[in-house]
Amino acid sequence: MAGKDHLYFIIHKPYGVLSQFTDEDGNPGLGTIFKLPKDVYPVGRLDTDSEGLLLLTNDKGLNARLLHPSNEHKRTYWVEVEGVVDHKALEALAKGPVIRIKGKEHNSLPIDAKAIPIPEELDERNPPVSHQKYPNTTWLELKLIEGKNRQVRRMTAAVGHPTLRLVRVAIEELSLFPLKSGEITQVSGSVLMRKLHLG
């Protein structure tokens with residue numbers, strides 16, 4: 001349960017920013033954008049080239065409760081992929097394609113997958129996806145409970161549609177919006193636990 005001294009924040013992590021507070025290998029960390037107490041840290045992570053919802057807290061217990069596979073917390077992503085995704089590819093994605101992780105084959109669990117219109121809620125990425133280089137793209141909404149390394153990207157590539165842009169828009173009922181890229185908001189422990197189904 002949330003304690004009285006626990007702090008909870010949600011941020012809209014921009015593209016190109018690390019899911020850590022320190023800079024590394026020329027990439028900026030969260031500390032370049034957000035000034036937070038020293039004991040606050042990210043729960044989980046988003047790859048440097050991914051965007052969207054990231055939780056920050058000093059509640060050490062939340063990390064284990066939220067990320068443990070047995071809890072099966074559903075994460076929702078909006079993903080722009082190369083090409084026009086047909087029904088066959090969408091079906092293969094939903095069934096959970098075989099992907100390779102650290103040289104080993106992994107049978108992905110089934111996911112919810114559907115094509116969606118271009119999301120009006122999202123601003124253009126900086127830098128933007130090149131639509132001269134990729135004239136035909138499709139936006140997908142993917143909901144999955146697994147969190148393997150670069151899993152969404154590996155899954156879309158496995159069905160022939162490499163990911164161009166990836167934005168996490170929700171964890172359970174906790175939504176990214178109305179936050180814009182680089183914005184932050186503090187949430188109460190009670191609201192957070194209810195939205196994450198951890199109450």
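**Entry 1: strand β1 and its partners**

I began with the pairing of β1 and β3, which run antiparallel and share six bridges. The model I am reading is a predicted one, and I keep that in mind throughout these entries. Within this pairing I looked up Y8 and found that its bridge partner in β3 is T57. I then turned to β11, which is joined to β1 by three bridges, again in the antiparallel sense. Here the residue I followed was F9, whose bridge partner in β11 is Q186.

Next I asked myself which residues of β1 point one way and which the other. Y8, I10 and H12 point to one side, F9, I11 and K13 point to the other, and all of them are buried. I noted beside this that in a regular strand the side chains alternate between the two faces of the sheet. The count for β1 as an element is that six of its six residues are buried, so I recorded the strand as mostly covered.

**Entry 2: the nonpolar cores**

From β1 I moved on to the nonpolar cores, with the reminder that in soluble globular proteins nonpolar side chains tend to be buried together. The largest core has 22 residues, and the members that touch the most others are L55, L62, L66, L174, L192 and L196. I then looked up which elements give two or more residues to this core, and found β1 (8-13), β3, α1 (60-67), β9 and α4. The one that gives the most is β9, with three residues.

I picked L192 for a closer look and asked what it is in contact with once its neighbours within four places in sequence are left aside. The residues I found were Y8, L55, L62, L174 and V187. Y8 is thus a contact of L192, and Y8 is also the β1 residue that I had found bridged to T57 in β3.

I also noted a second core, separate from the largest one, which has 17 residues and includes V79, I101, I111 and L142.

**Entry 3: salt bridges**

I found nine salt bridges in the structure, and I followed some of them in detail. The side chains of E51 and R165 form one of these, with an N to O distance of 2.8 Å. E51 belongs to strand β3 (residues 51-57) and R165 to strand β9 (residues 163-171), so this pair ties together parts of the chain that are 114 residues apart in sequence. I checked the burial of this pair as well, and both E51 and R165 are buried.

The second pair I followed was D123 and K180, whose closest N and O atoms are 3.8 Å apart. D123 sits in the loop between β7 (112-116) and β8 (137-144), while K180 sits in the loop between β10 (174-175) and β11 (184-186), so the pair ties together parts that are 57 residues apart in sequence. I then asked whether D123 is buried or exposed. At 45% relative accessibility D123 counts as partly exposed, and K180, at 35%, likewise counts as partly exposed.

The third pair was D47 and R45, whose side chains meet in a salt bridge at 2.9 Å, N to O. I recorded D47 as buried because its relative accessible area is 13%, which is under the 20% cut-off for that word. D47 and R45 also belong to a network of salt bridges, in which they are linked with D49, R150 and R153.

**Entry 4: backbone details in loops and after α4**

I looked up the cis peptide bonds next. One joins N126 and P127, with omega about 0 degrees, and P127 is found in the loop between β7 and β8, the loop in which I had placed D123. Another runs from F177 to P178, with omega near 15 degrees, and P178 is found in the loop between β10 and β11, where I had placed K180.

My last check was on positive phi angles in residues that are not glycine. K102 has a phi of about 55 degrees and is found in the loop between β5 (98-101) and β6 (104-107); I recorded K102 as exposed, with a relative accessible area of 83%. H197 has a phi of about 60 degrees and lies in the segment after α4 (189-195). With a relative accessible area of 45%, H197 went into the notebook as partly exposed.

Key: Residues numbered from 1 in each chain as written. Predicted model: local features only at pLDDT ≥ 70, side-chain atom pairs only at ≥ 80, totals over all residues. Heavy atoms only, no water. Salt bridge = Lys/Arg side-chain N within 4 Å of Asp/Glu carboxyl O. Buried < 20%, exposed > 50% of the residue type's maximum accessible area, 1.4 Å probe, protein only. Helix = DSSP H or I, 4+ residues; strand = E, 2+ residues; numbered from the N terminus. Core = buried A, V, L, I, M, F, W, Y, C linked by side-chain atoms within 4.5 Å. Contact = heavy atoms within 4.5 Å. Pairing = 2+ DSSP bridges.
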